[in-house]
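Reader: Hi! I am new to reading protein structures and would love a close look at one part of this one. Could you take me through it slowly?

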Amino acid sequence: QCIGSPQHLKTRFGDGYTLIAKVRGSPPDPEPLTKLMKGQFPTASLEECHNGYVRYQIPSSHMPPLSTLFQFMEEAKHRVGLEDYSISQTSLDQIFCNFAAAQRDEHDADEPAEQSAV
């Protein structure tokens, strides 16, 4: 199932783009960015938030053109005080972790059926 070039695997199995941002402040407050993201990208999911770093997953089905996303982030940089940000395709590591999680879920779903059959 995972045969092909890295770009092929990212396109076929990746789920859009990952946005990572570093919020300024001491302590950093990610809430203004979170509100801004919910307003602009309602389908984006907050995957991680700690020490001023936030990581969002933006599904490809609701992904705007990259130019729109970069323009939004440049404006957000000034509006909510971002130190830095990056936008990237879903990594191969994340794709393989998703495969492993799906296999684990399938295994866990099959386990009770096997136990009741004994």
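How are H2 and H3 oriented to each other, roughly parallel or roughly antiparallel? Please show me what surrounds them, too.

Author: Happy to help! Please keep in mind that this is a predicted model.

Let's start with your two helices. H2 and H3 pack with their axes 11 Å apart, at an angle of about 150 degrees. Angles over 145 degrees count as roughly antiparallel, and H2 and H3 are therefore roughly antiparallel to each other. The crossing in which H2 passes H3 is right-handed.

Now look for the residues where the helices touch. From H2, Leu36, Met37 and Gln40 meet Phe72, Ala76 and Arg79 of H3. H2 also holds Glu31, which counts as partly exposed because its relative accessibility is 37%. If you trace from Glu31 to Gln7, you cover 24 residues in sequence and 34 Å in space, C-alpha to C-alpha.

Keep your eye on Phe72, as it brings us to the aromatic rings. The model has 2 aromatic pairs, counting rings with centres within 6.5 Å. In one of them, the ring centres of Phe41 and Phe72 are 5.1 Å apart and the planes stand at 90 degrees, so this pair is edge-to-face. Phe41 sits in the loop between helix H2 (31–40) and strand S2 (45–50), while Phe72 belongs to helix H3 (residues 66–79), so the pair ties together parts that are 31 residues apart in sequence. Phe41 and Phe72 are both buried.

The pair of Phe70 and Tyr85 has ring centres 6.3 Å apart and planes at 50 degrees, so it is tilted. Here Phe70 comes from helix H3 and Tyr85 from strand S4 (residues 82–89), so parts 15 residues apart in sequence are tied together. How accessible are these two residues? Phe70 counts as partly exposed because its relative accessibility is 35%. Tyr85 has a relative accessible area of 14% and is therefore buried, since the cut-off is under 20%.

Tyr85 leads us from H3 to the sheet. H3 lies across S1, S3 and S4, and runs at about 165 degrees to S4. The sheet is open and is formed by 4 strands in the order S2-S3-S1-S4, with antiparallel pairing. S2 and S4 are the edge strands, each pairing on one side only. From one strand to the next, the twist averages 15 degrees.

Let's walk through some of that pairing. S2 and S3 are joined by 5 bridges in the antiparallel sense. Leu46 has Tyr56 in S3 as its bridge partner, and His50 stands opposite Tyr53 in S3. The hairpin of S2 and S3 has 2 residues between the strands, and there Asn51 takes a positive phi near 50 degrees. Strand S3 (residues 53–58) also pairs with strand S1 (residues 17–23), in the antiparallel sense over 6 bridges. There, Thr18 has Gln57 in S3 as its bridge partner. A handy idea as you look along the strands: side chains in a regular strand alternate between the two faces of the sheet.

To come back to your question, H2 and H3 are roughly antiparallel, and H3 also lies across S1, S3 and S4. Phe72 of H3 is a good residue to start from, as it meets H2 and forms a ring pair with Phe41.

Note on methods: Residues are numbered from 1 along each chain as its sequence is written. This is a predicted model: local features need pLDDT of at least 70, side-chain atom pairs count only at pLDDT 80 or more; totals for chains, interfaces and linings use all residues. Side-chain values use heavy atoms; hydrogens and water are left out. Rings of Phe, Tyr and Trp (its six-membered ring) pair if their centres lie within 6.5 Å; planes under 30 degrees apart count as stacked, over 60 as edge-to-face and the rest as tilted. Buried means under 20% relative accessible area, exposed over 50%, partly exposed in between (1.4 Å probe, protein chains only). Two strands pair if DSSP finds at least two bridges between them. Axes are lines fitted to C-alpha atoms, for helices over the stretch in contact, and angles run from 0 to 180 degrees between N-to-C directions. Angles under 35 degrees count as roughly parallel, over 145 as roughly antiparallel, 65 to 115 as roughly perpendicular and the rest as oblique. A crossing is left-handed if the near helix is turned anticlockwise from the far one by less than a right angle, and right-handed if clockwise. Contact means heavy atoms within 4.5 Å.
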